[in-house]
Amino acid sequence: MKAIVCTKYGPPDVLQLKEVEKPIPKDDEALVKVHATSLNAADFETLRGVFIVRMAAPRKPMYKILGTDIAGRIEAVGANVKQFQPGDEIWADLSAYGWGAFAEYVCVPENALRLKPASMTFEQAAAYPQAAVLALQNLRDKRPIESGQKVLINGAGGGVGTFAVQLAKYFGAEVTGVDSTMKLEMLRSIGADHVIDYTQEDFTKNGQRYDLILDVVAYRSIFDYKRALSPEGIFVFVGGSTAAIFQALFLGPLISRTGSNKMGVVMGKPNKKEDFDFLTELFEAGKVVPVIDRRYPLSEVPEALRYLEEGHAQGKVVITLEHNNKI
């Protein structure tokens, strides 16, 4: 089978399209033919070997084949797999299961698999598993949003952000989306009540206060966010600089214990059936739909990663493995 292979840290140029051995499922796994996958910031962060990645794997990437989001069809199942059978269409997040989505086939443990909604194309389904679930859990799990609350999403124009804008609107929030000039019109089109161009305005210094701030690309001091929160506001961190990660992990809980604000990280729980079911309901109701910017074939994963890393993507970047899966 063909796969994009990663043997060392570096820019997307180090990735190679190679013929590798087709995997054989273990007793508790299914062999999935990948029809589509999508990119996440974790892909290029792992490829580049950012500090927190090298803490776990100092010399070379932990996984030979990157990619976590998949939508595909089961080709074979192991002896102990009971809930799925060949022909089933599935979607899943492989971030806790060895990655491997940038390939024609991947083996996935049964407990990570979820049946793909028939109403979604493979490309649409591939956009959801990591980004939509992260958005949902970060908006909901510390404290449910109440109707009329003010929610700000920084990095609103990317994969997690575009899902977060739509989810916050569904929950009844007044939503402010922050991103670059080129993404503001798109943010309005998916429901943002207010937009801020980060190149022109710093939302932590404009005097506005928010009940919840979700930052997908954090780089500020945690105390800057605190200044922009309402008295009992919440700040949740999804991704960003190494300094921001450590502040959110270590200072966030301290601030939360000593004051009325809650600040920190929501530890993601991938592949929760109730989350996938809820997101399916919202998709079928037209309330939350994936924003797909570009599609690339498997052979062009390096180019797709360069595009995503440059920060220009509006929503998700999807990799298609079959020509007949176009939306």
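Which residues are linked with R73 in a network of salt bridges? In this predicted model, the partners are E89 and K116, which together with R73 make up the network. Side chains of opposite charge can pair when their charged atoms come close. Across the structure, the count of such salt bridges comes to 17.

Several of the other bridges can be looked at one by one. Helix α9, which runs over residues 273-284, holds both D277 and K273. These two sit four residues apart, or about one turn of the helix, and their side chains meet in a salt bridge with an N to O distance of 2.7 Å. How much of each partner is left accessible? D277 has 34% relative accessibility and counts as partly exposed, and K273 is also partly exposed, with a relative accessible area of 49%.

Helix α7 (residues 222-227) offers another case, this time with a spacing of three residues: R227 and D224 are separated by about one helical turn. Their closest N and O atoms are 3.4 Å apart, and the two form a salt bridge. R227 is partly exposed at a relative accessible area of 36%; D224 is partly exposed as well, at 22%. A further bridge joins the side chains of K272 and E274, at 3.8 Å from N to O. K272 is partly exposed, its relative accessible area being 24%.

Now for the rings. The structure holds ten aromatic pairs. One of them is formed by Y128 and F283, with 6.4 Å centre to centre and 85° between the planes, an edge-to-face arrangement. Y128 belongs to the loop between α3 (122-126) and α4, while F283 is in helix α9, so this pair ties together parts that are 155 residues apart in sequence. Both Y128 and F283 are buried. The F203 and Y225 rings pair up too: their centres are 6.3 Å apart and their planes meet at 45°, so the pair is tilted. Here F203 comes from the loop between β10 (194-197) and β11 (210-215) and Y225 from helix α7, so the parts tied together are 22 residues apart in sequence. F203 and Y225 are both buried. As for Y128 and F283, they also turn up in one aromatic cluster, along with W91, F163 and F276.

Helix α4 (residues 131-140) brings in a polar residue, N138. Is N138 buried or exposed? N138 has a relative accessible area of just 2%, so it counts as buried. A polar atom of the N138 side chain lies 2.8 Å from the backbone oxygen of L134. What else is N138 in contact with, once neighbours within four places in sequence are left aside? The list reads L212, L214, V236, F237, V238 and V266.

On the surface, by contrast, there is a nonpolar patch made of F51, I52 and M55. Together these residues have about 310 Å² of accessible area. Of the three, I52 is found in helix α2, which covers residues 51-56. I52 is partly exposed, with a relative accessible area of 37%.

Conventions. Residues are numbered from 1 along each chain as its sequence is written. This is a predicted model: local features need pLDDT of at least 70, side-chain atom pairs count only at pLDDT 80 or more; totals for chains, interfaces and linings use all residues. Side-chain values use heavy atoms; hydrogens and water are left out. Patches are made of residues with over 30% relative accessible area and no salt bridge: like charges are joined within 9 Å, nonpolar side chains (Val, Leu, Ile, Met, Phe, Trp, Tyr) within 5 Å. Accessible areas come from the Shrake-Rupley method with a 1.4 Å probe; for residues, only the protein chains shown count as cover. A salt bridge is a side-chain nitrogen of Lys or Arg within 4 Å of a carboxyl oxygen of Asp or Glu. Buried means under 20% relative accessible area, exposed over 50%, partly exposed in between (1.4 Å probe, protein chains only). A polar contact is a pair of N or O atoms within 3.5 Å; within protein, one must be able to donate a hydrogen and the other to accept it, and residues adjacent in sequence count only if both atoms are side-chain atoms. Contact means heavy atoms within 4.5 Å. Rings of Phe, Tyr and Trp (its six-membered ring) pair if their centres lie within 6.5 Å; planes under 30 degrees apart count as stacked, over 60 as edge-to-face and the rest as tilted.
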